[in-house]
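Good morning, colleagues. Please bring up the sequence and the coordinates, and I shall go through several local environments in turn.

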Amino acid sequence: MPTGKFPEGVAVAPVHLDEEADDHVLAHHDRNVGVSPLRAAIVGTGGIARIHAEALRSLSDEVELVAGVDVDAERLAAFGDRHDVALRYTDLGKMLASVEPDLVHICTPPGLHHAQVLACLGAGATALVEKPPTLSLAELDELAAAEGADGPWVATVFQHRFGSGARRLQDVMASGALGRPLLAVCHTTWLREQSYFDVPWRGRWDTEGGGPTMGHGIHQMDLLVALLGDWTEVSAIARRQARAVDTEDLSVAHVTFANGAVATVVNSVLSPREESYIRIDFERATVELTHLYGYGDDDWRITPAPGHKEVVTAAWAAGDAGVSSGHRAQLAHVLRCLREHRPPPVTSADARRTMQLVAGVYASAFERTPVTPADLAAPSPFHAGMSGTGPRW
């Protein structure tokens, strides 16, 4: 397992709190694999860190939470007392050098992710980072380049991939029982009042990376691309409709996929009736998922086309069941992969496909033209930052 040094010229940014309550994170090392529980640390001890700590505790036979990091000593102390974390640091670099954790959960605001993950990789620790993993495709490519063939790795928290409903749908799709996907709908219609953006890093390109397309709808968009695969073209609009922010507060996109499916993708923080919704119309059935911040088996619905009820229903009933789309579900997969010396999900390559779609929405909206993945390669300004050439407001 390579330990390496901190990448030259990369500062370990201060640690702050990520208060969004719909995200999650984790990491790796090699010493204890197959012998004793992996050793995990959490960076940023705010609201989302609690969810990470609870997921770690639920898998205590496999992993131990040994350290916490936060620049706010009072918040760190409260977190450490509540979750029985003995080792507490206000400096990420000191923690990495002293503790040498196997796993590091990055639970900080988006603008800090890039430098903090690079620091973890440089110290030989795998990082599981909250969404969005970076502020840009360029930053994500730097993280991928810093990974080792045998670790350490970077994984992004996209937990909706790991509930039994999504895994069941993937299996049924692979069986051919549903036929080709034809049409999809992917909506994240949430409500965030203006007071939500009083937190200084929110609603800004330089610290959050984008509005609801980047910071809220990205979970649903990730699940969509996990199900439908590579996208080939996007046409979009983005608006600053009602919130006093630098970023958009809504976006609407039309996306074409390599398999021929087409989708509408809507992201909003202006919607009083909140909902997260995915619908895919296949040749032989419609599959729907309706939830808010996480789903269980009961949140899925399948409607067979005439003449296909028996086959479709049987295939659906035979699939996975009983796992909600929470942090614990993804963490279990991460731990298994680390013990098997494999890159943990969601890999940097997987995350890049989702981040590329986010960048494509912004590029199409701001350039007012359809965009393909090839259009987002360097030196495109949308490779360097989601705001690219700048919004039209």
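The side chains of Thr45 and Asp70 are joined by a polar contact of 2.8 Å. I should state at once that this is a predicted model. Thr45 lies in the loop that runs between strand S1, residues 38-43, and helix H1, residues 47-58. Is Thr45 buried or exposed? Its relative accessibility is 5%, and because the cut-off for buried is under 20%, Thr45 counts as buried. For orientation within the fold, the C-alpha atoms of Thr45 and Ala384 are separated by 29 Å, with these positions 339 residues apart along the chain.

A second polar contact concerns Ser164. This serine belongs to helix H6, which covers residues 164-175. With which side chain does the side chain of Ser164 make a polar contact? The partner is the side chain of Asp297, at 2.6 Å. Asp297 also appears in the list of residues that Ser164 touches, along with Asp320, Ala321, Gly322 and Val323, when residues up to four places away in sequence are not counted. Ser164 has a relative accessibility of 2% and therefore counts as buried.

I turn next to the cysteines. How many disulfides does a search of the whole structure find? The result is zero. Cys107 is in no disulfide, and the nearest cysteine sulfur to its own is that of Cys120, 11 Å away. Seen from the other side, Cys120 is likewise in no disulfide, its nearest cysteine sulfur being that of Cys107, at 11 Å. A pair of sulfur atoms must lie within 2.5 Å to count as a disulfide, so the cut-off is what decides the matter. As for solvent access, Cys107 is buried, at 0% relative accessibility, and Cys120 is buried, also at 0%.

Helix H4, residues 110-122, contains His114. This histidine has a relative accessibility of 15%, and so it counts as buried. Which residues are in contact with His114, leaving aside its neighbours within four places in sequence? They are Pro133, Thr134, Glu139, Glu142 and Leu143. For one of these, Glu139, the C-alpha to C-alpha distance from His114 is 6.5 Å, with the two residues 25 apart in sequence.

Let us move to the packing of two helices. Helix H8 comprises residues 218-228 and helix H11 residues 348-367; their axes come within 9 Å and cross at roughly 120 degrees. The crossing of H8 and H11 is right-handed. On the H8 side, the residues that meet H11 are Ile218, Met221, Asp222, Val225 and Ala226. On the H11 side, they are Arg353, Thr354, Met355, Leu357, Val358 and Val361. By class, this contact of H8 with H11 has eight nonpolar, one polar and two charged residues.

My last site is Thr372, placed in the loop between H11 and helix H12, residues 381-384. Thr372 is partly exposed, because its relative accessible area of 25% falls between the 20% and 50% cut-offs. Not counting residues up to four places away in sequence, Thr372 touches Trp231, Thr232 and Glu233. The C-alpha atoms of Thr372 and Val234 are separated by 6.6 Å, although these positions lie 138 residues apart along the chain.

To close, let me return to the two polar contacts: Thr45 with Asp70 at 2.8 Å, and Ser164 with Asp297 at 2.6 Å. Thank you; I would welcome discussion.

Methods
Residues are numbered from 1 along each chain as its sequence is written. This is a predicted model: local features need pLDDT of at least 70, side-chain atom pairs count only at pLDDT 80 or more; totals for chains, interfaces and linings use all residues. Side-chain values use heavy atoms; hydrogens and water are left out. Axes are lines fitted to C-alpha atoms, for helices over the stretch in contact, and angles run from 0 to 180 degrees between N-to-C directions. Helices (H or I, at least four residues) and strands (E, at least two) are DSSP runs, numbered from the N terminus. A crossing is left-handed if the near helix is turned anticlockwise from the far one by less than a right angle, and right-handed if clockwise. Contact means heavy atoms within 4.5 Å. Ala, Val, Leu, Ile, Met, Phe, Trp, Tyr, Cys and Pro count as nonpolar, Asp, Glu, Lys and Arg as charged, and the others, Gly among them, as polar. Buried means under 20% relative accessible area, exposed over 50%, partly exposed in between (1.4 Å probe, protein chains only). A polar contact is a pair of N or O atoms within 3.5 Å; within protein, one must be able to donate a hydrogen and the other to accept it, and residues adjacent in sequence count only if both atoms are side-chain atoms.
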